[in-house]
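Me: I would like to go through the terms used for this structure and see what each one rests on. Please set each value against its definition.

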Amino acid sequence: MLKYALLKLGRALIVVWGAFTASFILLYLMPASPIELLFPPDERASIDPQAFQEMERAYGFDLPAWQQYLDRLLAALRGDFGTSVGTGQPVLTAIGEALPNTVILAVCALVLASLFALSIAWVATYLESAWLRNLIAGVPPLLVSFPSFLLGLIIIKVFSFQLGWFPPISGEGLRGLVLPAVALAIPVSGPIAQLLLRNFQTEYASPYVLTSYSKGIRKGRVLNSDVLRNASLPALTQGGIIVGELLAGAVITETIFSRAGIGRLTEDAVRAQDVPVVQGIVMLVAVCFVTVNFVVDVSYPLVDPRLKAVPEGVIA
Amino acid sequence: MSLLSFTDVNIWYNRRGEQPSQAVAGVSLAVEPGELVTIVGESGSGKSTLIRSAIGLLPGNSRISGEIRLAGAGVAGWSHNRFARYRGTYVGFIPQDPGVSLNPVKPIGRQIEDALRTRLRRRRLLPFGNGAHTQRIRSEAFRFLELAGLPAPEAIYSKYPHELSGGMKQRVLIAIALSGEPKLLIADEPTSALDVTVQKQILDHLDLLREELGIGILLVTHDLGVALDRADRIVVMRDGSVVEEGTGGEILHGARDGYTRRLLDAAPGLHTGRLTPRPIGLGSAKLTRADGHERSTAEYAIEVTNVSKTFTTRRGGVVHSVKAADEVSFKVKSGTTHALVGESGAGKSTIARIVAGLRAADSGEVRLLGQAGRWSRKRLSRSLQFVYQNPYSSLDPRFSVADLVTEPIRVHRKDIGRRDRHEIALELLDGVRLPRRYARRKAGELSGGQAQRVAIARALSLNPEIVILDEAVSALDVSVQAEILQLLADLQAAYSLTYLFITHDLGVVKLFADTVSVLRAGSVVESADTASVLGNPQQEYTKLLIDSVPGSHLTA
Amino acid sequence: MTIRLDQPTTASLDAATPSAPPRRRFGVSHPVVAQPGLVLAVVVILLAVAFCVVPGVFTWKDPYVPDTSAILAGPSAAQPFGTDRLGRDIYTRTVYGTVITLTATLLAVSIAFFIGTALGLIAGFVRRVVDLVLMRVVDVLLSVPGLLLTMVVVSALGYGTTNVAIAVGISSVANFARVMRAEVLRVTQADFVEAAASIGTHRFAILLRHVLPNSMSSVVALIPLQFGSSILAIAALGFLGFGAPPPQPEWGMLVAEGRDVLAVAPWISLFPGAVILSVVLASNRISRALQPGGGV
Amino acid sequence: GTDGTSAVGTKSGGAPVKGGTLKFAWLGAPETIDPQVNSSFAGANLSNNIVDRLLFQDRDTGEFSPWLATKWEYNDDITEYTFTLREDVTFSDGTKFNATSVKNNLDQFFNGDEALGILPNGKSYLGPYKETEVVGDYVVKVRFSAPNASFLQLTAHSGTGNIGFLADKTLKSSAEDRLKPENVIGTGPFTVTEYVPKVRTVIARREDYAWAPAALGHQGPAYLDKIEFITIPEASVRVGALQSGDVPAAFDILPTDEKVLTAQGFELTARINPGFTLGWQFNLSLAPTDDINVRRAIVAATDRAGFKKTLLSESEGEAHSVLTDGVPGFADYSQGALKYDLDLARKLLDDAGWKPGADGIRAKDGVKLKLKGTGNVLVPDARVTYEATQAALKSIGVDVEIVFDPRNIPAEQLTAQYHLANINRGRNDVAVLNTQLNPDRGNGAVIPADFPDRARIVETFNALDTATGAAQAPLAKAVQDLIHEELVLVDPQFQTSQVAAAKGVRDIYLDGADRLIFLSTWVGGE
Ligand SMILES: Nc1ncnc2c1ncn2[C@@H]1O[C@H](COP(=O)(O)OP(=O)(O)OP(=O)(O)O)[C@@H](O)[C@H]1O
Ligand SMILES: Nc1ncnc2c1ncn2[C@@H]1O[C@H](COP(=O)(O)OP(=O)(O)OP(=O)(O)O)[C@@H](O)[C@H]1O
Ligand SMILES: [Mg+2]
Ligand SMILES: [Mg+2]
C-alpha cells in the first residue's frame, strides 16, 4: 500500500514538473518580452530604453532561456513564483489573496452541482413513466451543450434584474454567493450528471438489483442502498478534472458576477501577458489536479472494496 | 391453490425501431407446494423471461398478456413497490449468474440482513428503529447462511462478494432467497456457472430444503441431466412455447417432441459410447498440402515433461504466487485426442498455452512432433493451432468469415492470391459444414456454434497436425456442442489430427477423448486412457468429479 | 493516474461473463428514422453544413455591409434574429459565420484526433516506458483545465481563429489519447489478437489490421462529442475576445458583440447563442448514437 | 440625456447632507493604490481623491488656478518653474507638506528607486527634467534641460502620468509595501482604507482636509464618510446593478444604455475626454500607407459626421481635428482635410494608380491594397466606427484587417506589421501631440529617418514646448496643419467621452481631464 502510494506520489510530482516546464516553454519563450507588453504601444516609444532594460533585468527576462528556466524552477521549489509584472506583487501573495474567494465559490458550486446531478440521475432512474424519464434524462446533454458564458448573463438578468431575488454583484454574505455558485454549478453539473445518469442506468440494470428486489425491497431503497454507491463511486475518479473545470469556469463566472478570485486573476493575467502570474496559476491548477487525483487514487481502494484485491493493471 | 400459476402467458420485448419480438408464447404452468418443477430449454428459449415475469423483474421494454397469479392474486401491471410485498416473503428468487448478482460494494452480511429485515418488519417482528435488534438479525443471518450450506458464516459475514468463490456466492444468494422464508422459490440456472462438484452440492441442498420446508421450487436449467435427476415435473421450452411436459421418466423414455429427443441425444452425461467419425468431403483442391511441408511421423505428437509454472502477482507490495502447473507430464499419441480435465483454476489453460508456445514454462520440456527446442512462431503455427473457448472474442469482429478463415494463409502463403484464398475459404466452410453464403458475414452475425465452426476452420486452414481446444465447446448450447464435437471427430479422422482437448465436463471426455489427464491445483492426479480413468478411477478426486456429472446415474 | 471510467469495473472484476454477445459496430443497429431526436440532430448538422457550403441560399443579405437605417432593430420578418449596432442582419451573419466556426472546429478536432489517437495507440500498444512517458504527457495536458490551457496557448501563439483552433485542439488531445489507449488495451487483450500473433502475424501488421480498426469505434464516437465541445470552447474564446478579428461573424464573437447590450438588445447574443446550443446538442446526440452499445 | 453640466448626479436640491457611504461601480480597477504607479483610468480616478496637485485646471477654459501651490512663474525659455506652496497642508499621517516633499516626489517619480523596487514611473512625462531645488520651506524651483512648456499643465493633470504628492514614509516604502493602504499617504480629502485588487477599493474621509481648490466651490472636509469603488466588468451587469438600485452611481456607462437610463430617471453626466481623439495613426514606414494618397483616401472615406449621427451616442463627439474640441489650441478641420467624401477617396486612389482587381481589392504594381490595423478594445464604440470605416473602405477597394487584441502589441511588431495603429490619448494640453507624433519623441506615425523635410517637421513639433497660453495657439495650429494637411498622419474617428449615471447622488465633480472628484458629493435629501 505504501509503495503504491509512493508510486502515485512520484507520478503526481512528475506531472507537476511537466506542467511547470510546459508552461515555461509556452510563456517565457514568447516572441515579445513580457515587459514590452506592459506598455501601450503608443507609450512604448516614449519609454527610456535604459529604464526598459532595467525593468527586464529586474524580472530576469534578459537571461538566456535555460538559465531563466533553472532559476525559475529552483525558485519555484522554494515556493517563489516571482512577482507579477503588472502589479509588482509576489505571485504567491496574489494567488493567496484570490484563492479563498474562489475556493468558497467552487465548493458551493461543487456541492450544488453534485446534488443536482445526483438528483437528476436518481429521479430519471426512479420514474416509471418513460416519457418523464426521457425528459429528465435529456437535461444533462442540455447542460453540457449550453454556452456557459451566456448562462451567467441570463441567470443574472432573470434572477437579479427581473425578479430581484439576489444581488447582481456578490458582496459579502450568502445571498451574493447564490447566483454565482449556481452559474458555475450548472455547466459543471452537466458532465457529472451525464456520468451519473449513465452509471445509474447500467448499475440499475445489473443483476444484483434484481437480487435486491427479490428480497422485497422497494424501489427507492434499492436505488439508495444499492445503486447509489456503485454508480457514484466512479465519479470520484473524475475529481481532478472536475476541480479543474470549476477553476476554469470561475474565469467567466467571476467576471460576470464581479467577484475577486483566481478566475479574474487568470483572465487579467492572460490579457496583460503577466507571465509569472499565469505560470503561478497553471501550477496551482496542476497541483490541485494531482492532489485530488492522488487522494482519489489512494483512497479509492479503501472505498471500493473490489479494488483491494485486484492486480495492478486495472488501475492505469 | 397453486403457489404460482401461469395461464396462457405471452411476453413480448419491444426494441426501438423493430417489431416487438415474442419471447414467451402461450405458456400455462403451475407450481404446487412441495413440488420441484424444472424448465429446460436451449438458450434464448424464454426460460428466464417467463420466470421473471412471476416476480415482476422483467425489464421495462417488455409487455405481458395472459394471467400470472401469485397465491391466487393476479400480478398484471403491478409496480415495483406493490410487488415488494410478495417478494422475499412469499416468493424467493435465485438469479442466474452468481458472479454479478451480489452488490459488489456491500459486505455479504449486510446483503442478507437487508432481506431479513424486510421479512421481520413485514411480519411485525421488528419495529422501526432496529438498533436493539442487531444481534437478533445477525444470528438469523447466520442461521440461513448455514442452512444454505455455508458452514462458517462468521468467516464470510464481513467479506465482499469478490472475496468469495462462485460456489460460495451462489450459496449466499440461496441464503438470501431462503431468509425471507418464502413459500415458493424460483431459481434461474442456479448452477450453470459452477463446477460440477459444487453444482451437485447445491442441488442436493435444494432437494433437502424442499423436503424439510415443503416449499415449491421452480428451477430453470438448460441441462437436461439436472432436470432428469431431480424434478417432479419437467417442462421443455422452445422458442417461447412449452413443447413437452412430464415426469423425468416420461421425458426420458417417451419424449414425443423431436426437439426434446435431440436434447436427450445431445446431453453428454447421457452418452455411453465414443463418437464415431463420419466421412467428410474435404480435400479437393487448392489448399491441399501443396505447400510441401512434410507431415511428421513421430509417434507422439505432444510430449510434456515436468512442466512447471508459477504466477506471481503483486499488489500493494504483497506478493501472491499461484502454482498453475506443477511438474506436469503427459504424452499424446499422434492422431488421438487427449483431454485435460479438472475444476476451474486447476491449470488446464496454463498448460495448453505452454504447449502452444503462447506462454513460457518456468521449467520442464515440451516436445512437439518429436522435436524439442524453440520453434519459430511461423513454423509452430503451421503445425499447431489453438481454438479458444469464446468464439466471438477470438474472431476479429470486423473481418468477414472468408477473411477470418484464410487469415493464416494470408500471413504464411504470400504465393496464394486473393481469388484463390476465397476459394479455399469456401472449401473450408464446406469442411466445417457451414453454408457457403456465410462467407460474407461478420463474426457478430453468427450464432455461437457457427462462430466456433469458423474458428475451427481457421485452425484447419494451414493444415496443422495438432489442434489445441481450450474449452472450445463449453460456452455452447448442448445441442450445438454435440454437433461441434461430431465435426471435430470427423475432421480428426479425415486429417489424422491430434487434439489436446481441455474441458471441465467429464461427459464430453467420455464422448470424445482417447486419453485423459485429471488435473488438480496444477498437478496431474491421474493420467491414462479414458475408459480406465472414468470406469475405474483410482483417486478420490476423480471419483468425485465423475459422481458429479448430472444424469450419469440414469444411464450408468 | 486515474482509474479508468470507460471500462466498466464490475465486468472486468467479476470476470464471470459468459460468451460475449457479438459487439455491434457503431451501435446504430436500429433504423435511424425511428429516433426522432437523432433525425433532428442530423438535420441540424446538415443544415449547418449547408450554411457553410451555400450560405447564399439561406439569405440574400450581405453579412458585412452596415445598414444605418436599421440599427439595433429587434427580430422581425425581415430580420428574424434582429440587427446589430451597425445594422447588419444577425441571421445573415450567423449563417455566414458558420463556416468560420465550423472550419475552426474541424481543425481543432482534427488536431486532437490525429495527435491523440497516435499517442494513445503507441502508448497502449508499445506499453512499458513509452506508455509511462506518454501518459504523463497526457496527464500534464489534463492537469490544466481546457479553457485555461487554451487561453495560455492562444496567448503564446497569438490571437485569431486558427490559433484558437490549434489551442483548442491541443487541449483536447488528452481525451482522444485516453480513450484510444483504453481501447487499444482492451482490444489487445482480446483472443483474436493473440490468435493473430499465434499464427505468426507481424506485430506491426497486428497493429494495423486488428488493433487499430477495432479500437476506432469508441474514438470515432468521441469525434462528434469533441466537435460539440470544441464549438463551445472556440465560442468561449471568441467571447473572451481571443478569436476571430472583425468583421468576421464567428459565433462566439457574435454572442460577445451582444453582451454589452444584453439589456437593450438581447437578440444579438441570444439567437447566435441558441444556434450554438442546437449544433452542440445535435453533435452530442449523434455522438451518443455512435457510441458502441449506445444508440438510445 | 446629458445636461451639459459637469457634475454627476442631481445638482443641488437643498442643503448638502453629511455622512453616508457611496457605492460606485466602474469597469476597471485600480491596478494598485500607489498614485505614482496608477495609470489606468480607474487608478487615476482613485488617485485623484487621495492626492492633490500643485495647480488646478479649469475644465472649460483650460486656465490654471492655485491648489497646493499658491503662486507659480517660469522663465522666458520655459526651462525653470518656481512654485510657492500653501503652508497649511498636511499629509494624512500628520506630517507637513512642504518644498522638500515636492522635491522628493519629483525626484523619485523621475528616477525611481532600484533598492525599493520603484520604477522610474514619471520619466516619460517629465521629459527633460533636470532637478528640483528647495528654495525655501515653501518655495521650490523645478529645472529642465530643455524648454518644457507643458510642465505647467502636468502639475494640474489628473490623467495618466499625473503628479500626486506622497508623504516621506510612502516614498521610503518598498514597492510591495506600497500595496498596503496604510502606507499610501497623500494630502487628498480621502484615504484608502481597504483594497481588494480587481474588486473593491474603499476610501474614507479625512476630517482635517481644508485645502480644496476654490473652483470646486466647497471647502473643508468631504460630505461622504466613505466611498466604495466596485469593479463590475460586465457592462450589462453594471447597468443592471444601477437599475436594481444595488449601486446608486456608476461610471463607464455604455452609449447604448444612455437612453434607457435617462428614461428611468437617472442623471447622466458626460464629458469628452480631452486630448488626442480616438483614431488611427498611419504607419509612414510601411507600404502602402507610405503613399500619401492612400492616407488621404482613408481619411476621406471616414464618415465622422455620419458616425455621430447614426452610431455614436449623444455624449460622444464628432472628431474635428486630431485634438478634441476643448483642448487649448484646437483647430477645426471638419470642413477641410477631414471632410467625408467617398468619391474623392476613389479618385485619389485611381489617380495614384491603385486599380481595382478582380476581387474588388485595388492593387498597384502587383501589390494589393491590404492594410492591417489595431482596434481599440477599451472604448466600446470604437469597434463600431472602426468596423464602419472598414466596410466603407472595402466598398472602395481597400481591404483592412483589424486586430482587436486586448493585449498591448509590442512596439517593434506594431511598427513592422501594422499600417494603422489605434490611438486615444488623454491630456488637456496640445503637448499630447508632441509626445505622440513628434518624430523625435513618440513618433507614432513611424516617420522614417530619411523622410524629406524631417528636420523641419521636428522643429514644428518642438516649437510647442517654447510657448504657453495664447502664444502657443499659432504653434498648435501649425502642428495640426502639418498633421492633417501636409503629412496626413492620423485618421481621427471620434471624440470619446466618459459617462456616469446616478440616482439620488449629488455633485460628483468631473475635472478637466474627465476624472472624478468626490469632495463635494453627498447623498440623500431628495
Ligand atoms: N431485455 C430484453 N430486450 C429484448 N429482448 C430480450 C431481452 N431479454 C431477453 N430478450 C430476448 O428474449 C428471448 C428469451 O430470452 P431469455 O433470457 O428468457 O432466454 P433464456 O431461455 O433464459 O436463455 P438462457 O438460457 O441463455 O438464459 C431471447 O431471444 C432474448 O434475446
Ligand atoms: N496471467 C496470469 N497471471 C497470474 N495468475 C494467473 C495467470 N493466468 C492464470 N493464473 C492463475 O493460475 C491458475 C491456473 O489458471 P488456468 O487458467 O490455467 O486454470 P484453468 O484450469 O484453465 O481454469 P478454468 O477452467 O477456469 O479456465 C489460476 O489460479 C489462475 O488464477
Ligand atoms: Mg436465462
Ligand atoms: Mg481455462
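Me: What makes the shell around ligand 2 divide into nonpolar, polar and charged residues?
Reply: The residue type decides: Ala, Val, Leu, Ile, Met, Phe, Trp, Tyr, Cys and Pro count as nonpolar, Asp, Glu, Lys and Arg as charged, and the others, Gly among them, as polar. The shell around ligand 2 holds four nonpolar, six polar and four charged residues. This is a predicted model, where local features need pLDDT of at least 70 and side-chain atom pairs count only at pLDDT 80 or more, while totals for chains, interfaces and linings use all residues. Side-chain values use heavy atoms, without hydrogens and water; residues are numbered from 1 along each chain as its sequence is written, and chains are lettered from A and ligands numbered from 1 in the order in which they are written.

Me: Which atoms of B:K348 and B:E471 lie 2.8 Å and 3.2 Å from an oxygen atom of ligand 2, and why are these polar contacts?
Reply: In B:K348 a polar side-chain atom lies at 2.8 Å, and in B:E471 a polar side-chain atom lies at 3.2 Å. A polar contact is a pair of N or O atoms within 3.5 Å (within protein, one must be able to donate a hydrogen and the other to accept it, and residues adjacent in sequence count only if both atoms are side-chain atoms), so both pairs qualify.

Me: Why is A:L6 called exposed?
Reply: Its relative accessibility is 52%, and exposed means over 50%, with buried under 20% and partly exposed in between (1.4 Å probe, protein chains only). A:L6 therefore counts as exposed.
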